[in-house]
Amino acid sequence: MKNAIPQRYAIPHRYATRPGLYFTEDGGADAVVRSETADQVWLCVYEPVDQPTAFFNDAIRIFEDSPSSFLQQIHEHAVCTRIIESLYVRETLFRMEGPNYGLWYVHLPKAWDGMRYAYRVDGAWDPDHGLRFNPYKLLLDPYGKGIDGAMQLDPAAFSYQCEIGEDHKVRGSAFGAMSTVDAIGKMPVSVAIDDRDVTKHDGDPVHPHVPWSKTVLYELHVKGFTKNAPWLPEELRGTYAGLAHPVTLAYLQGLGVTSIELLPIQAKQDELFLQERDRHNYWGYSTLSYFSPEPSYATAAARKQGARAVRQEVIDMVNALHEAGFEVIMDVVYNHTCEGGVEGPTTCWRGFDPLSYYRRQRNNIGHLEDTTGCGNTLDFTNTHVVTFAVDSLRYWAKRIGIDGFRFDLAASLARLDGEFTKHHPFLYALRSDLLLGNLKLIMEPWDLGPQGWRTGGFGMPFSEWNDRFRDTTRRFWLTDTQPGATGGIGMQEMATRLCGSADLFATDPGRGCVASVNYVACHDGFTLTDLTRYVSKHNEANGENNMDGSNTNHSVNFGVEGPTGDPAITRNRERAAMNMLGTLMLSLGTPMMLAGDEFRNTQHGNNNAYAQDNDITWLDWDWLYQTKKTPEMRRLEMVSRLISIRKSLGLYHHEEFFTRLSQLGLFKPSSRVQWYLSDGTTPMERDWMDTGVRTFAMRLLSVDETDILIVINGVDQDRHFRLPSDCGWQCEWSSGVACGVRPGHGMFTERLDPHDFSDDNWTNAVSEDDPINELVDMVQAQLAAEEKLDRPRSVRTTNVTADPHTTLVGADHDDGRPGAAVRGRSAQGNGILDIERAVDGDDGETSAAEAASLAHDMWTIPALSISVFKRMQ
């Protein structure tokens with residue numbers, strides 16, 4: 001018979017509306033936790049033995065050698081304490097009152113910022129029916145704002161009896177007997193953070209609030225982006241503080257992106273199968289705590305100070321990004337937890353209420369439903385799971401300052417009775433919340449469940465990753481350009497993607513093109529450069545016999561698998577990469593880039609680098625500090641200019657679609673866009689349906705600004721284009737520059753001479769009196785020691801500013817001289833034949849006026865290129 005809980009530890013029910021730990025004005029704290037099916041719950045507080053305990057007057061000390069078991073003793077006493085000599089720690093257990101509508105309560109008479117605590121829960125052990133309560137296991141507070149420690153691969157981490165073999169494999173049955181091994185010292189604990197300060201937001205910078213129509217997303221990993229950054233002192237590399245460093249921010253501003261999308265920064269834990277192989281989850285899609293930031297990305301100094309300092313470093317990072325004008329979007333993983341399947345460890349949710357948190361197989365309740373490929377799926381048909389997720393999101397938005405969220409495997413969050421619906425209560429909760437409903441909400445619109453591909457299916461106000469854009473762009477510029485390619489992407493499909501994918505996203509009245517998050521590469525898959533270097537994935541480093549990762553990448557290698565010194569192959573690869581980036585930035589919708597794609601980052605063919613916390617995934621910045629402009633720098637300049645062009649065009653600064661498709665799949669007339677074939681004529685119905693038509697132009701019309709013409713030449717031959725004759729045109733940007741050529745006015749392309757452009761990198765322009773000079777000397781000395789420096793720094797030259805309209809990668813041309821201007825080669829292909837027929841006419845004669853008009857309208861577009869023209873005033 002358990003004793004009654006003293007009144008001083010009971011909480012009046014009117015205060016217990018939400019789970020969590022809340023500091024109170026009496027110097028204590030209210031602790032509330034949810035468990036609808038438990039028999040008893042304890043709050044456990046941990047203190048050092050060599051310090052006076054805060055609970056001496058009320059706690060009954062219990063002993064290891066008592067005739068009664070540990071479990072019996074904690075049931076007998078409302079408050080009890082014990083000393084674990086091996087850990088030099090005191091554990092005080094407070095028996096909680098409940099359940100009251102599924103909630104358990106206790107009031108601590110004393111509580112402090114930085115207090116370490118956890119929970120223990122007792123109840124039925126009936127694995128066949130999904131019940132696995134085990135009071136010997138420590139459970140993190142689901143609402144805990146800080147975390148201390150990490151799980152050890154030890155039998156103590158598992159609720160069932162098991163052993164860890166010499167091969168690090170876990171041996172035991174999740175449906176066997178309950179483990180009685182105490183988890184203390186083997187598992188992380190929660191850390192209390194006092195958030196009552198009403199001045200905590202004073203001095204915070206204003207959020208940028210970038211409109212959707214002006215957003216350019218940039219996906220990066222906090223650690224990977226800065227781990228090898230030479231401008232950072234060693235202690236800041238791979239950290240939140242490193243991302244907030246002024247030089248890091250200046251680089252991002254120079255690139256021109258507007259919104260930084262962070263891979264998960266919520267606290268993570270390696271999956272069991274990775275721990276068994278002594279590997280780590282680098283990406284972070286294995287959440288341990290939904291309120292706590294990942295400690296390993298904080299500086300060593302912050303980690304030493306504790307959970308509050310770690311969180312403050314995150315807040316400082318967000319504030320610094322805001323101050324620099326960037327939004328911060330956070331990738332979140334609410335579809336599953338780090339506990340995995342029933343064989344996984346017990347860290348939190350499984351120990352509190354396994355029936356409520358996770359989806360169960362209908363005909364076998366002891367087993368979990370898995371639509372995520374990660375062993376479990378959180379049950380968003382449970383109101384309390386929805387509330388838990390919303391509370392977590394609001395915390396990150398309100399307290400940390402996050403501007404939006406990208407939901408991993410979001411289709412799993414919107415399943416009712418296993419079926420996806422855009423009317424799911426969780427989606428309504430996000431829409432209707434006064435805070436969250438006004439943030440950027442991005443869905444990854446698929447999972448591994450039945451009918452898991454749901455692109456376009458989420459409705460307003462959600463944006464979604466557009467995999468159709470990804471695959472269309474890759475196929476058009478990569479696989480369809482290869483000899484013998486059949487059944488490829490034609491003008492209609494490309495035009496649909498360029499115009500914002502109305503066929504997928506015009507689902508609700510008022511839903512616009514910005515709902516389409518366009519991308520070519522992301523963290524999951526090949527980098528942009530690897531798409532042009534590898535036909536097959538090369539994931540051998542993952543230790544899974546290259547069986548993991550997607551086999552469908554729509555990638556090509558242009559004749560050689562991997563890096564090559566062949567200049568022709570290198571040019572073709574660079575041009576293909578710029579074609580894809582050009583399509584991305586010149587399409588209606590919300591563009592998203594993968595960090596590093598702007599400077600040819602490679603993962604050496606690994607398209608599933610989730611467990612590669614090393615140089616495979618850490619960005620390499622050596623190119624930035626060379627004395628000469630490297631190919632990486634050349635691409636960076638091209639990409640930065642491309643982003644700048646997009647941001648300068650009001651034609652993209654709206655949310656409406658340019659045009660819509662009819663029910664027959666044909667384009668409806670539009671006053672905002674016009675289409676042309678290479679001979680200047682308007683495409684007919686047969687042209688739209690012909691997948692062989694790969695050369696066309698899209699004109700964007702504007703009443704109050706300059707028209708834009710996007711010209712696509714998807715064939716491996718230069719093509720003559722007759723541009724609209726009602727005005728003159730100026731080429732603003734062309735992917736052909738990657739091969740040393742750009743569109744030419746007349747019958748030939750314009751070849752670019754590298755001698756007209758400076759080869760000196762910015763490092764040569766740094767004055768010896770400039771504070772950054774010391775950094776440049778230090779980095780170049782290190783590169784020289786590693787034999788990575790292109791030439792000694794002592795060789796200084798005058799920096800020359802190149803023509804801002806071109807960025808030359810460099811290529812050898814017909815006469816053998818690099819970049820020589822060649823004007824005598826005839827153009828090939830149907831484009832010239834169309835023009836010749838138009839010139840000759842039926843009688844074979846052309847008037848002088850017609851010839852002059854054709855000369856004025858005629859442009860020659862480089863093979864396999866995308867170009868943007870601006871109407872001349």
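1. Tyr-101 sits in the loop between strand E7 and strand E8, the latter covering residues 103–108. In this predicted model, phi of Tyr-101 is near 55°, which is a positive value in a residue other than glycine. Is Tyr-101 buried or exposed? With a relative accessible area of 75%, Tyr-101 is exposed, because exposed is the word for values over 50%.

2. Just before that loop, have a look at strand E7 itself, which spans residues 97–100 and includes Pro-99. The peptide bond joining Gly-98 to Pro-99 is cis, and its omega is about -5°.

3. Where is another cis bond to look at? Try the one from Met-460 to Pro-461, where omega is near 0°. While Pro-99 belongs to a strand, Pro-461 is found in a loop, with strand E24 (440–443) on one side and strand E25 (463–466) on the other.

4. Ser-501 is worth a visit too: its phi is near 60°, again a positive value in a residue other than glycine. Which elements flank Ser-501? Its loop runs between helix H13, residues 491–498, and helix H14, residues 502–505.

5. Finally, a word on the surroundings of these two positive-phi residues, Tyr-101 and Ser-501. Ser-501 has 0% relative accessibility and so counts as buried, the cut-off being under 20%. Tyr-101, by contrast, is exposed at 75%.

How values were computed:
Residues numbered from 1 in each chain as written. Predicted model: local features only at pLDDT ≥ 70, side-chain atom pairs only at ≥ 80, totals over all residues. Heavy atoms only, no water. Helix = DSSP H or I, 4+ residues; strand = E, 2+ residues; numbered from the N terminus. Buried < 20%, exposed > 50% of the residue type's maximum accessible area, 1.4 Å probe, protein only.
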